[in-house]
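Colleague: Hello! Please take a close look at one part of this model for me, starting from a single loop residue of your choice, and then tell me how that part sits in the rest of the chain.

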Amino acid sequence: MTDKEEFKRILEITCKALNVSKEDLMTRSRKMDLAIARQVAAVIGIKDANIKRDIVAKEINRDRTGMYYYEKKHKEYFDWFQPYRKGYIKVLKEYKNINANKKQFVNKAEFNMFIKGIKLNKFTKPDIIITVKYNKYRHDFLSNVFNFTNDMEILKTTFKDYKIKYNYKTYEE
């Protein structure tokens, strides 16, 4: 799952848990329930899911500097502002429950054994490197422009029960 997809999931959870619509969340409105939902989603995305501030900001129609403000004010709001605290805890619990349903690798050896079982074509001259990350573990798969979409589908299907992050870049020698 990419960071963007992960944050969209966090937004869906936030909207459902705090009873706001995603369309309203994207507006410039300063209504308290929308402002709280925006900040809760952003803080969970940045702090708990380790998603880059740029991605979070873009998805909630804000600029990156606002994300620094949300992070800075999180502790103060959590300690002193009850509606924020309740919303944050509610969304975080929902988010963590979803992640608790995912399978986990016990150690790097198990991760590597799982990787060996994935059947992707071997390329002598790859164009693209697909990086699969699970916590501290990572593996690079080599692909080309003609098979990239198919390879990504195979990887997503293979890792569907795991909390995996995907990244890709062009291969330059």
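Modeller: Happy to. A residue counts as exposed when its relative accessible area is over 50%, as buried when that area is under 20%, and as partly exposed in between. Please keep in mind that this is a predicted model.

The residue I would pick is Lys 119. Its relative accessible area is 67%, so Lys 119 is exposed. Lys 119 belongs to the loop that leads from α7, residues 108-116, to β1, residues 128-134. A partner to look at in the viewer is Thr 158: the two residues are 39 positions apart in sequence, and their C-alpha atoms are 10.0 Å apart in space.

Let us follow the chain on from that loop. After β1 comes a loop to β2, which spans residues 137-143, and Asn 135 lies in this loop. Asn 135 is exposed because its relative accessible area of 66% is over the 50% cut-off. Its backbone deserves a look as well: phi of Asn 135 is positive, at about 50 degrees, although the residue is not a glycine. As background, most residues other than glycine have a negative phi. Asn 61 is another residue of this kind, with a positive phi near 60 degrees and a side chain other than that of glycine. Asn 61 is found in the loop between α4, residues 53-59, and α5. With a relative accessibility of 41%, Asn 61 counts as partly exposed.

Now go back along the chain from α7. The loop between α6, residues 82-100, and α7 holds Lys 103. Its relative accessible area is 46%, so Lys 103 is partly exposed. Setting aside neighbours up to four places away in sequence, Lys 103 is in contact with Tyr 134, Asp 161, Tyr 162 and Lys 163. For a sense of distance in another direction, Lys 103 and Lys 8 are 95 residues apart in sequence, and 21 Å separates their C-alpha atoms.

The start of the chain is worth a visit too. Met 1 sits in the segment before α1, which covers residues 3-18. A relative accessibility of 26% makes Met 1 partly exposed. Beyond its neighbours within four places in sequence, Met 1 is in contact with Glu 6, Arg 9, Ile 164, Lys 165 and Tyr 166. Met 1 and Tyr 168 are 167 residues apart along the sequence, while their C-alpha atoms are 12 Å apart in space.

Next, the helices. Two packed helices are described by the angle between their axes and the distance between the axes. Here, the axes of α3 (residues 32-48) and α5 (residues 64-80) come within 9 Å and cross at roughly 100 degrees. That angle falls in the range from 65 to 115 degrees, so α3 is roughly perpendicular to α5. On the α3 side the contact is made by Arg 38, Gln 39, Ala 42, Val 43, Ile 46 and Lys 47, and on the α5 side by Met 67, Tyr 70, Glu 71, Lys 73, His 74 and Tyr 77.

Helix α3 also contains Ile 36. With a relative accessible area of 10%, Ile 36 is buried. Residues up to four places away aside, Ile 36 touches Phe 81, Pro 83 and Tyr 84. Its C-alpha atom is 7.4 Å from that of Gly 87, a residue 51 places away along the chain.

Finally, the whole protein as a frame for these views. The protein has eight helices and three strands, in the order α-α-α-α-α-α-α-β-β-α-β along the sequence. Its C-alpha atoms fill a box of roughly 55 × 30 × 25 Å along the principal axes. Of the 173 residues, 39% are buried. Among contacts with a separation of 6 or more, 62% come from residues 24 or more positions apart. The accessible surface is about 11,000 Å², and carbon and sulfur atoms account for 50% of that area. The protein carries 38 positive and 23 negative charges, and the mean positions of the two sets are 4 Å apart.

Key
Residues are numbered from 1 along each chain as its sequence is written. This is a predicted model: local features need pLDDT of at least 70, side-chain atom pairs count only at pLDDT 80 or more; totals for chains, interfaces and linings use all residues. Side-chain values use heavy atoms; hydrogens and water are left out. Helices (H or I, at least four residues) and strands (E, at least two) are DSSP runs, numbered from the N terminus. Buried means under 20% relative accessible area, exposed over 50%, partly exposed in between (1.4 Å probe, protein chains only). Contact means heavy atoms within 4.5 Å. Accessible areas come from the Shrake-Rupley method with a 1.4 Å probe; for residues, only the protein chains shown count as cover. Lys and Arg count as positive and Asp and Glu as negative; His and the chain ends are not counted. The place of a charge is taken as NZ of Lys, CZ of Arg, CG of Asp or CD of Glu. Axes are lines fitted to C-alpha atoms, for helices over the stretch in contact, and angles run from 0 to 180 degrees between N-to-C directions. Angles under 35 degrees count as roughly parallel, over 145 as roughly antiparallel, 65 to 115 as roughly perpendicular and the rest as oblique.
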